[in-house]
Amino acid sequence: MRSVLKLLLVTGCLSAAWAQDDQAPGQTMVVPAAGAGVAPAAVTKQPPTLHNIYGRTHLLLDGRWNYIVDPYEAGYYNYRHQPFDQSATGSGGFYDDRKPKDKTEAVEYSFDGSPTLAIPGDWNSQNAKLENYEGTVWMRQQFQAAPKDGKHYFLYFGAVNYEAHVYLNGKKVGSHKGGFTPFQFEVTGRLLKGQNTVIVKADNTRHQDDIPTLNTDWWNYGGITRDVLLAETPDTYIADYQIQLAKGDMGRIEGYVQMTGAQRSQDVTITIPEAGVKATVHTGADGRATVGIPLTKNKMRYWSPEDPKLYTVTIAGATDKLNDRIGFRTIETRGQDLLLNGKSVFLRGVSLHDENPLIPGRLRGEGDMRMMLQWAKEMNCNYVRLAHYPHSEEMIRLADEMGILVWAEVPVYWTISWEKPEVYANASQQLTDLVTRDRNRASVIIWSIGNETPVSDARNVFMGKLADTVRSLDHTRLVAAALEVHRKGNEVTVEDPLSDKIDLASFNEYAGWYWSDNKEMLKFSFKVNYNKPVVISEFGADALGGLHADDDTRWSEEYQDLLYKNQFKMLDAIPGLRGTTPWVLTDFRSPRRPHPYYQDFWNRKGLISETGKKKLAFYTMKAYYDQKQQQYK
Ligand code: GCB
């Protein structure tokens, strides 16, 4: 439930409290509150981002933000190229939001009177001059607050692509790297009663050693692309929890509750009134309690695409109380079978990007997201692959509500710098933040640790560690990766040492498009030597919507349509086939696609064009899924 909070001023700094509860290493750097004029000397680590942020009392800071484009970072570095925020005074940068004191003073920037961006929203799609911009933009929002004594306050960002530096009332509160995961900074003691100013420096410059790396097949939309919230918690609060069915056990809820704060050892009660569940646990000195609740037989309606039942779950202790909407289901593999709530399921899926083809730009809110998932449903999908990076929490919650299974992924994409520990730390942090955010969402059944990462020793170690990490964070879901295939003559095989670490034989293949053509493609046969469910994470062909020709003609809807029909013939011959996510639901923008007529910087593999028109293959895919639905009834 969204509620607007009234904040009261709290003096003093509470960041010392984190020392005890410090759990998450990683990419979020926090600057401790410094006295006036004192430069922040060090950074401290943050506790994990608040779970169930929308369930917290909060003030939404979305809306129109003033912005200044700063290609040379004049607002961040002085003329000696030293950051202003690391100078003796800590000031001098655009985050000062300085106004000339009188007519004698020259100030070379001004947020007042500068244009505005709708936040959440990338800048590339909101100003034609910024369409291809990669660099720094400063954004400012002003808001009223009345912080209360004894509460914690957090500035929470759903996502900022890619590097964010955040300032509150002229002082730096921290920085973060990674374009698709949430992060927060504690601002208790820094909020003013009355007007506050938050300024964000966002920089979407690509780098070889980032996650993702330089090379991707999607638009590098920059900026504050998801909600910004000021959240309030009690002094001792519920930081995190997992309340899910035990692995493979429909008769038992398992998980944990994590409290943070001075009174972190306390009784916490979990109730699910509609399912007759009420259990009390006691959190230990570390604030943690393990949860294990046997379920009364026949009391629970299990979550599934056919019946996406969500229960109101309340977690309440002496100092804090949170409500969530949680669905309960199991997901397992048995040999080559895939079982949802103990029953064989075929994943009737489609891949999609976090992009609205119609506007375009990142999905900005529930309407955009509903449109995408509704299109998937019209194709009779029960599943989506949210490629190639974490999509928003709202999207996942919508999938929960609409009954759509989800493959969730981190942007470990193509060839990244496998050898560097800091690159691994970044990937592992993004994965951790994704799991931390979505671990209670029934729709998410698969954590994907990467896409088309080429086999090498260094890569195998890197990916193997990621698989171990995600399993240690959540053993109830499946772990997968979109693997590559290898062709020997007409035989296509998946040979990847990573297979030992993951639950699915999931791979991308482009028969008929990147290899061979529609006429030739049926000669291929797939040999999958793993006793695991086979999920085709990509196949597809480009078609310019509205271009009609014979089915030998590349870029025509007919070519794409025949390719899909031929794919079904090939794929149905694979024993253990349990799902497909063709590439891709809609056309999407990509700088790698320059053909002036057919592409115009769009990847045209969409089953729906950039005007929202369904291509022929959309209906062919739907017919295939109608038949699979019958088969798996
Ligand atoms: C792939 C990638 C995907 C691309 C797609 C294509 O294998 O995983 O990100 O967009 O192929 O269209 O080439």
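This passage describes the ligand site, an annotated domain, and selected strands, loops and a helix of a predicted model.

The ligand is surrounded by 14 residues, of which Asp 217, His 388, Tyr 413, Glu 452 and Tyr 514 are the closest. By class, this shell is made up of five nonpolar, four polar and five charged residues. Polar side-chain atoms approach oxygen atoms of the ligand from several residues. For Glu 452, the separation between a polar side-chain atom and a ligand oxygen is 2.3 Å. The corresponding separation is 2.5 Å for Tyr 514, and Trp 583 places a polar side-chain atom 3.0 Å from an oxygen atom of the ligand. Taken on its own, the ligand has 320 Å² of accessible area, and 97% of this area is covered by the protein.

One of the residues closest to the ligand, Asp 217, has a position that falls within an annotated segment. The unreviewed UniProt entry assigns residues 116–234 to "domain: Glycosyl hydrolases family 2 sugar binding". In the model, the chain over residues 116–234 is 50% strand and 0% helix. The C-alpha atoms at the two ends of this segment are 34 Å apart.

Strand S14 spans residues 237–246 and is mostly covered, with 10 of its 10 residues buried. Its partner is strand S15 (residues 249–260), and the two strands pair in the antiparallel sense over nine bridges. Within this pairing, Gln 244 stands opposite Glu 254 of S15. S14 and S15 form a hairpin with two residues between the strands, and in this hairpin Gly 248 adopts a positive phi near 65°.

A loop residue follows further along the chain. Thr 283 is located in the loop that lies between strand S17 (277–282) and strand S18 (288–294). Thr 283 counts as buried because its relative accessibility is 0%, the limit for this class being under 20% relative accessible area. A polar atom of the Thr 283 side chain lies 2.8 Å from the backbone nitrogen of Gln 266.

An open sheet is formed by three strands in the order S21-S22-S23, with antiparallel pairing. Strand S21 (331–334) and strand S23 (343–344) are the edge strands, each pairing on one side only. S21 and strand S22 (residues 337–340) are paired in the antiparallel sense over four bridges. Asp 337, in S22, is the bridge partner of Arg 334. The hairpin of S21 and S22 has two residues between its strands, and Gly 335 takes a positive phi near 60° there. On the other side of the pairing scheme, S22 and S23 run antiparallel and are joined by two bridges. Here Leu 339 has Ser 344, in S23, as its bridge partner. S22 and S23 also form a hairpin with two residues between them, and Asn 341 in the turn has a positive phi of about 50°. The residues of S22 point in two directions: Asp 337 and Leu 339 point one way, Leu 338 and Leu 340 the other way, and all are buried. Asp 337 and Leu 339 thus combine a buried position with bridge partners in Arg 334 and Ser 344, respectively.

His 353 occupies the loop between strand S24 (347–352) and helix H2 (366–378). With a relative accessible area of 4%, His 353 is buried, since this class comprises values under 20%. The C-alpha atoms of His 353 and Phe 588 are 7.5 Å apart in space, although 235 residues separate the two in sequence.

Helix H3 (residues 393–402) is mostly covered, seven of its 10 residues being buried. The buried residues of H3 are Glu 393, Met 395, Ile 396, Leu 398, Ala 399, Asp 400 and Met 402. Just after H3, Gly 403 takes a positive phi of about 75°.

Note on methods:
Residues are numbered from 1 along each chain as its sequence is written. This is a predicted model: local features need pLDDT of at least 70, side-chain atom pairs count only at pLDDT 80 or more; totals for chains, interfaces and linings use all residues. Side-chain values use heavy atoms; hydrogens and water are left out. A residue is near a molecule or strand if one of its heavy atoms lies within 4 Å of it. A polar contact is a pair of N or O atoms within 3.5 Å; within protein, one must be able to donate a hydrogen and the other to accept it, and residues adjacent in sequence count only if both atoms are side-chain atoms. Accessible areas come from the Shrake-Rupley method with a 1.4 Å probe; for residues, only the protein chains shown count as cover. Ala, Val, Leu, Ile, Met, Phe, Trp, Tyr, Cys and Pro count as nonpolar, Asp, Glu, Lys and Arg as charged, and the others, Gly among them, as polar. Buried means under 20% relative accessible area, exposed over 50%, partly exposed in between (1.4 Å probe, protein chains only). UniProt positions are given in the numbering used here, feature names are shortened, and annotations may be inferred rather than shown by experiment. Two strands pair if DSSP finds at least two bridges between them.
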